[in-house]
Amino acid sequence: MTTTSNSVEIRDLDLHFGAVKVLQKLNLDINEGEFLVLLGSSGCGKSTLLNCIAGLLDVTDGQVFIKGQNVTWKEPSERGIGMVFQSYALYPQMTVEGNLSFGLKNARIPADEIKKRVARAAEVLQIEPLLKRKPGALSGGQRQRVAIGRALVRDVDVFLFDEPLSNLDAKLRADLRVELKRLHQQLQNTMIYVTHDQVEAMTLADRIAIMKGGKIMQLASPEEIYNQPQNLYVAGFIGSPAMNFIQGTLTNTTFAASALQLPMDDYAFQNGPSDGPAILGIRPEHILIGERAASCAGQAEVSVDLVEGLGSDTLIYARYGTQQIRIRTEGNSRIKSGDVLNVGFDTRCSSLFDPTTENRI
């Protein structure tokens, strides 16, 4: 039995291609009206999972529920979903209006209803002046709006997006990302969005499911995933530049690495502190320099290898012993290669991992 409190439910989903196991015993509940992002590197199974939800792939085992209905073996057209692909897949010979209305005509929707839905989608996506144009006369961003509109006119409860912005340049991606966020706030529909771009995931999602090898490594809000990654994979995948990892040992509540001694009294241990090898994870913005470093209980000297000025920020690549660390500081920094810095570690914002299990301590 399943309940209707969730918009989409995945139960013990398996997908095998011959001997290759792509998805394994995957379970996922997606709330009504939620914007869920499936995030991971190429080959992690995120698009495959989306295609299973859409009905474009037949699952090996397990079940898919949408709005409380078991749709595991239903056709895509019977699942009450709208899908937007990476490629626009527009009919070049048709106008924008023709592209938007084509699926509705095939479904034998009354002409008045089609006109109403097309007008509403065009208004929401701000493409009303484009309705009489053909795709060849549109920019990439405009074509993607039309592709989204084609899903929107179906008047469904669940929208599926498969890397819809990956073919656009950086500025268009940023612009359309904002529009997608506004669209979700306006419609309040359930949206499932696949991407390998962590910026898209962090800015769009209510929750993020980070995938690796056909499994979900962590499912949580963007803030929790960024601040409390549950394993080394998630910690290293999220954040640019990536989280720093320092090998050391944990004794009671003190982390030690060479001359560095970090009291971890303010750290929220998962199951209490335990002695043994440990990996300290700390983000570049939580390694402090100058006067701010003096307030930290744990400090160390590092040697600067490289400095990147990014305007609003400065990224410093330095070495502590044999380990490279990255530091993010203000944009007007005058630090240069060869400098020796005294740095402090903000342990309140750090993470500890077991080097054997790679799980958060």
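In the predicted model, Y233 and F237 lie 4 residues apart in helix α8, and are therefore separated by about one helical turn. A search of the whole structure finds 6 aromatic pairs. In the pair formed by Y233 and F237, the ring centres are 5.7 Å apart and the planes meet at 25°, so that the pair is classed as stacked, given that planes under 30 degrees apart count as stacked.

The protein that contains this helix is divided into domain 1, covering residues 6–235, and domain 2, covering residues 237–353. The contact between the two draws 17 residues from domain 1 and 12 residues from domain 2, while the C-alpha centres of the two domains are separated by 38 Å. The size of an interface is often expressed as the accessible area that is lost when the parts come together. For domain 1 and domain 2, the area buried between them is about 1300 Å², of which 60% lies on carbon and sulfur atoms.

With regard to polar interactions, 8 residue pairs are in polar contact between domain 1 and domain 2, both residues of each pair being at pLDDT 80 or more, whereas 0 salt bridges are found across the interface of the two domains. On the side of domain 1 that touches domain 2, the elements that contribute two or more residues are α6 (198–204), α7 (222–227) and α8 (232–237). Helix α8, which also carries the pair of Y233 and F237, gives the most to this side of domain 1, with 4 residues. By residue class, the side of domain 1 that touches domain 2 comprises 10 nonpolar and 7 polar residues, with no charged residues.

Although no salt bridge is found across the domain interface, a search of the whole structure finds 15 salt bridges. Side chains of opposite charge can pair when their charged atoms come close. One such bridge joins the side chains of K25 and D14, with a distance of 3.9 Å from N to O. This pair links distant parts of the chain, since K25 belongs to strand β2 (residues 20–31) and D14 to strand β1 (residues 6–17), the two being 11 residues apart.

Two features of the backbone remain to be described. Most residues other than glycine have a negative phi, and most peptide bonds are trans. A cis peptide bond, with omega of about 0°, joins S240 and P241, and P241 is placed in the loop between α8 and β11 (244–251). A89, although not a glycine, has a positive phi of about 55°, and this residue is found in the loop between β6 (81–84) and α2 (96–106).

Technical notes:
Residues numbered from 1 in each chain as written. Predicted model: local features only at pLDDT ≥ 70, side-chain atom pairs only at ≥ 80, totals over all residues. Heavy atoms only, no water. Domains from an automatic or database assignment. Contact = heavy atoms within 4.5 Å. Buried area = accessible area lost by both parts, 1.4 Å probe. Salt bridge = Lys/Arg side-chain N within 4 Å of Asp/Glu carboxyl O. Polar contact = N/O pair within 3.5 Å; in protein donor to acceptor, adjacent residues only side chain to side chain. Nonpolar A, V, L, I, M, F, W, Y, C, P; charged D, E, K, R; others polar. Phe/Tyr/Trp six-rings, centres within 6.5 Å; stacked < 30°, edge-to-face > 60°.
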